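Open your viewer, switch to a cartoon view, and keep the selection box handy. We will go from place to place together, choosing what to select next.

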Amino acid sequence: MIIVEKSEYSISITGHAGYAEQGKDIVCAGVSTLVQTLIQSIEILTQDKIEYSLSPGKSVIKYRNPSKSSQLLIGSFFVGIQMIAEGYPCYVKIISPK
């Protein structure tokens with residue numbers, strides 16, 4: 001299962017969907033695409049500085065004081081992740097701060 005966890009200054013994505021074999025897993029591919037698009041969008045479309053690490057089974061994006069543009073991009077990322085989680089609830093879980 002992929003766990004997407006949002007905190008005040010970061011987004012952490014861990015695990016593997018396990019929906020299909022490696023290279024054919026559409027759930028993993030969808031989540032990976034959203035993660036990579038968020039990173040590139042913030043870097044290209046805003047002046048905000050982020051730190052990130054991408055590795056198999058774990059991605060972390062760290063930010064401080066995101067601009068309104070970055071907040072919008074992060075919000076859009078979560079719209080996409082929520083859609084995947086609703087379509088594949090056994091494979092993606094979102095954890096938000098309380």
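Before the first stop, one working term: contact here means heavy atoms within 4.5 Å. Keep in mind, too, that this is a predicted model.

**Stop 1: the long view across the sheet.** Select residues 26-45, helix H1. Helix H1 lies across strand E1 (2-6), E2, E3, E4 and E5, and runs at about 155° to E3.

**Stop 2: the second helix.** Now select residues 68-87, which form helix H2. Helix H2 packs on the sheet as well, touching E1, E2, E4 and E5, and its direction makes about 140° with that of E5.

**Stop 3: the sheet itself.** Hide the helices and look at the strands. In what order do the five strands of the open sheet stand? Reading across, you meet E3-E4-E2-E1-E5, with mixed pairing. Strand E3 (50-55) and strand E5 (92-95) stand at the edges with a single partner strand each, so one side of each has no neighbour in the sheet. From one strand to the next, the twist averages 5°.

**Stop 4: one strand pair.** Select residues 10-14 (E2) together with 58-63 (E4). These two strands pair in the antiparallel sense over five bridges. Zoom in on isoleucine 13, and you will find serine 59 of E4 opposite.

**Stop 5: the cysteines.** Show cysteine 28 and cysteine 90 as sticks. Why is there no bond from cysteine 28 to its closest cysteine sulfur? That sulfur, in cysteine 90, is 15 Å away, too far for a bond, and a disulfide needs the sulfur atoms within 2.5 Å. The disulfide count is zero. Finally, colour by accessibility: cysteine 90 counts as exposed, at 58% relative accessibility.

Terms used:
Residues numbered from 1 in each chain as written. Predicted model: local features only at pLDDT ≥ 70, side-chain atom pairs only at ≥ 80, totals over all residues. Heavy atoms only, no water. Buried < 20%, exposed > 50% of the residue type's maximum accessible area, 1.4 Å probe, protein only. Pairing = 2+ DSSP bridges. Helix = DSSP H or I, 4+ residues; strand = E, 2+ residues; numbered from the N terminus. Axes fitted to C-alpha atoms, helices over the stretch in contact; angles between N-to-C directions.
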